[in-house]
Amino acid sequence: MASFEVIGGTPLKGEIVPQGAKNEALQILCAVLLTAEPVTISNIPDIRDVNKLIELLRDMGVKVGKLATDTYVFQAENINLDYLDTPEFVAQAGSLRGSVMILGPMLGRFGKCQLPKPGGDKIGRRPLDTHFLGLEKMGGKLTLEGTDFYRIAAPNGLHGTYMLLDEASVTGTANIMMAAVLAEGITTIYNAACEPYLQQLCKMLVRMGAKINGIGSNLLTIEGVASLGGTEHRMLPDMIEIGSFIGLAAMTGSEILIKDCQIPELGLIPDTFRKLGIQLEFRGDDIFVPAQDHYEIATYLDGSILTVSDHTWPGFTPDLLSIVLVVATQAKGTVLIHQKMFESRLFFVDKLIDMGAQVILCDPHRATVIGLDRRNALRGITMSSPDIRAGVALLIAALSAEGRSVIENVEQIDRGYQFIDKRLNALGAQIRRL
Ligand SMILES: CC(=O)N[C@H]1[C@@H](OP(=O)(O)OP(=O)(O)OC[C@H]2O[C@@H](n3ccc(=O)[nH]c3=O)[C@H](O)[C@@H]2O)O[C@H](CO)[C@@H](O)[C@@H]1O
Ligand SMILES: C=C(OP(=O)(O)O)C(=O)O
């Protein structure tokens, strides 16, 4: 288990380029399974989860060629279906959440797939029911082995149908869509998730020959085709990393220019940080965060306390609430953080309280933060990173704190943030990997 030793209290300064998007990469990489032709993908982040998925694809028989540090060509011409029966596959697929998205493409193209319960953050229940309900509606037959191994087969092929998803699941929508592009007839998915990464997947599938209408909305209509061809695709910058850098700059009083953000794709992210009083300036496609001694949380028009909560896109992403929470600890004012989607994602506030933050965990979904307005700095402590976003929230807290902190289990952070220690050290941070 690796740790970060962080010496906090020094403002950072400089430019940073966000990595390619982790959660887009996981969808896009699975989509290469839909064609026997080459697919070239660029802006691929060099992070644990993505590297694990590339390794999994390679072991399944996908030819993988590295063209540049962030660009690969994939060709899924000869897939070894027997590999899915091996213990190696079970171990690999069970170690990350993104592996779940091989289900749709494999079922669509080869008529079957199997999968152990996928990994990913332990942040509450993460049901896969929506995925299977959708795939079953198209003709997939699911067999459960215990509660954590799934087999699905469509011996008579998949058939287009209308479905109203019980929830707008991100990876569920990706899976169903990737199965539907090769199904016979028309599939209509209502209550589809529609975040920018899914729009990117849709656009890539269309370039491969898929017929998809309604891209960017919650009503997708997909006319199945017999086969798909190769394409080239470039990943968006990671909006969660961009949000993390905005929060980091504010909390540590740093001046940071975040480059090439694809600002129109960021939805409510900039305005949500502005509600915390953080100044942001758009300079072309870059976001400039000036050094700020103080930032003050807005109230509602009637003066009541602000709530920041998550919602399916175009609402505010749940993956940035831990960052918003930590940044609020040094703001002036009070905010209620309401994490509706996941019930175990706020427990990390215990560590912030140990560092001197004023936070009341009201229940597993809600925490009230009473900002310190920098009257007292947080204190460095030893802590462990419970999940990827809490891990980065703790890193931000440690960089703002007085003295030395140690963050254990930084493998969680490495799942989704590329060389974060080196990149922040280049801005003046003091982070040492132990
Ligand atoms: C690899 C990947 O892309 N992971 C992301 C993906 O996970 P993932 O696709 O696994 O998450 P889902 O969208 O399926 O669901 C997230 C959670 O929200 C709940 N839910 C979802 C939709 C809804 O309308 N109502 C509702 O309550 C689900 O039951 C679940 O607990 O989307 C999540 C929600 O944006 C993000 O946190 C994850 O980072
Ligand atoms: C929860 C997340 O990731 P995963 O779905 O891979 O666990 C995340 O990216 O914040």
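**Two ligand shells in a predicted model**

Trainee: For which span of residues does UniProt list "domain: Enolpyruvate transferase"?

Mentor: The model is a predicted one, whereas the domain annotation comes from an unreviewed UniProt entry. In the model, the end C-alpha atoms of that span lie 19 Å apart, and the span is 29% helix and 22% strand. The residues that UniProt lists for "domain: Enolpyruvate transferase" are 8–419.

Trainee: What is the radius of gyration of the protein chain, and what does the globule rule give for 434 residues?

Mentor: The secondary structure of the chain comes to 14 helices and 23 strands, and the C-alpha trace spans about 65 × 45 × 45 Å along its principal axes. The radius of gyration is close to the value from the globule rule, so the chain is as compact as a globular protein of that length. The radius of gyration is 22 Å, and the rule gives 22 Å.

Trainee: What share of the contacts with a separation of 6 or more joins residues 24 or more positions apart?

Mentor: As background on packing, 49% of the 434 residues of the protein chain count as buried. Among the contacts in the chain with a separation of 6 or more, the share from residues 24 or more positions apart is 72%.

Trainee: Which residues does UniProt list for "binding site", and are they buried or exposed in the model?

Mentor: The unreviewed UniProt entry lists K22 and N23 for "binding site". K22 is found in helix α1, and N23 is likewise found in helix α1. A residue counts as buried when 20 or more other C-beta atoms lie within 10 Å of its own; K22 has 25, and N23 also has 25 C-beta neighbours inside 10 Å. The residues asked for are thus K22, which is buried, and N23, which is buried.

Trainee: Which residues do K22 and D49 both touch, leaving aside neighbours within four places in sequence?

Mentor: With those neighbours left aside, K22 is in contact with P45, I47, D49, V50, D238 and G416. D49, which lies in helix α2 and counts as buried with 23 C-beta neighbours inside 10 Å, touches K22, L26, L96, G98, R415 and G416. The name found in both lists is G416.

Trainee: How far apart are the C-alpha atoms of D49 and G98?

Mentor: G98 is among the residues that D49 touches, although the two are 49 residues apart along the chain. Their C-alpha atoms are separated by 7.7 Å.

Trainee: Which elements give two or more residues to the shell around ligand 2?

Mentor: The residues around ligand 2 are K22, N23, D49, R97, G120, D121, I123, D319, I388, R389 and G416. By class, this shell has 2 nonpolar, 3 polar and 6 charged residues, and it draws at least three residues from each of domain 1 (3–19 + 237–433) and domain 2 (22–223). The elements giving two or more residues to the shell around ligand 2 are α1 (22–31) and α12 (388–400).

Trainee: Which element gives the most to the shell around ligand 1?

Mentor: Of the 20 residues around ligand 1, N23, E167, S169, T171 and M341 come nearest. The shell has 7 nonpolar, 8 polar and 5 charged residues, with at least three residues from each of domain 1 and domain 2. Helices α1 and α6 (170–180) each supply at least two residues, and the element that gives the most, with 3 residues, is α6.

Key
Residues are numbered from 1 along each chain as its sequence is written. Chains are lettered from A and ligands numbered from 1 in the order in which they are written. This is a predicted model: local features need pLDDT of at least 70, side-chain atom pairs count only at pLDDT 80 or more; totals for chains, interfaces and linings use all residues. A residue is near a molecule or strand if its C-beta atom, placed from the backbone, lies within 6 Å of it. Helices (H or I, at least four residues) and strands (E, at least two) are DSSP runs, numbered from the N terminus. Ala, Val, Leu, Ile, Met, Phe, Trp, Tyr, Cys and Pro count as nonpolar, Asp, Glu, Lys and Arg as charged, and the others, Gly among them, as polar. Domain bounds come from an automatic or database domain assignment. The radius of gyration is taken over C-alpha atoms; the globule rule is 2.2 Å times the number of residues to the power 0.38. A residue is buried if 20 or more other C-beta atoms lie within 10 Å of its own, exposed if 12 or fewer, and partly exposed in between; C-beta atoms are placed from the backbone. Two residues are in contact if their C-beta atoms, placed from the backbone, lie within 7 Å. UniProt positions are given in the numbering used here, feature names are shortened, and annotations may be inferred rather than shown by experiment.
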